[in-house]
Amino acid sequence: MNINLEFIKKRRLERGFTQKQMAEKLGFCNASIYNKIELGHYKLPAEIMPQLAKILKCKITNFFIL
């Protein structure tokens, strides 16, 4: 399945979070890692999806392109 990166970015912006803030909330050592995930250079790790959904106030299923 493909990840809907546009949805993730849109929700992040709607919630008013910077990439740096998202990286901190997800426990990444720096914003560069989050940036690369959002751009599709790194795969979105399955283990962070529940936490990401909670931060973005959405369902995990919203992350997937059907």
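1. Glutamate 38 lies in helix α3, which covers residues 31-39, and the model in which it is placed is a predicted one. With a relative accessibility of 8%, glutamate 38 counts as buried, because buried means under 20% relative accessible area.

2. Which side chains make polar contacts with the side chain of glutamate 38? One is the side chain of arginine 12, at 2.8 Å, and another is the side chain of glutamine 19, at 2.9 Å. If residues up to four places away in sequence are left aside, glutamate 38 touches Leu5, Ile8, Lys9, Arg12 and Gln19, so that Arg12 and Gln19 appear in this list of contacts as well as among the polar partners, arginine 12 and glutamine 19.

3. A second topic is the pairing of charged side chains. Side chains of opposite charge can pair when their charged atoms come close. In this predicted model the count of salt bridges comes to four, and the points below take up three of them, beginning with helix α1.

4. Lysine 10 forms a salt bridge with glutamate 14, and their closest N and O atoms are 3.9 Å apart, which is accepted because the rule asks for a side-chain nitrogen of Lys or Arg within 4 Å of a carboxyl oxygen of Asp or Glu. Both residues lie in helix α1 (residues 5-15), where lysine 10 and glutamate 14 are four residues apart, or about one turn of the helix. Lysine 10 is exposed, with a relative accessible area of 52%, whereas glutamate 14 is partly exposed, at 47%.

5. Glutamate 14 also meets the side chain of arginine 11 in a salt bridge, with 3.0 Å from N to O. These two residues are three apart in helix α1, and so about one helical turn separates glutamate 14 from arginine 11. Is arginine 11 buried or exposed? Its relative accessibility is 19%, and arginine 11 therefore counts as buried, since the cut-off is under 20%.

6. In helix α2 (residues 19-26), glutamate 24 and lysine 20 are placed four residues apart, again about one turn of the helix. Their side chains meet in a salt bridge of 3.8 Å, taken from N to O, and both glutamate 24 and lysine 20 are exposed. Returning to helix α1, salt bridges that share partners join Lys10, Arg11 and Glu14 into one network.

Note on methods: Residues numbered from 1 in each chain as written. Predicted model: local features only at pLDDT ≥ 70, side-chain atom pairs only at ≥ 80, totals over all residues. Heavy atoms only, no water. Buried < 20%, exposed > 50% of the residue type's maximum accessible area, 1.4 Å probe, protein only. Polar contact = N/O pair within 3.5 Å; in protein donor to acceptor, adjacent residues only side chain to side chain. Contact = heavy atoms within 4.5 Å.
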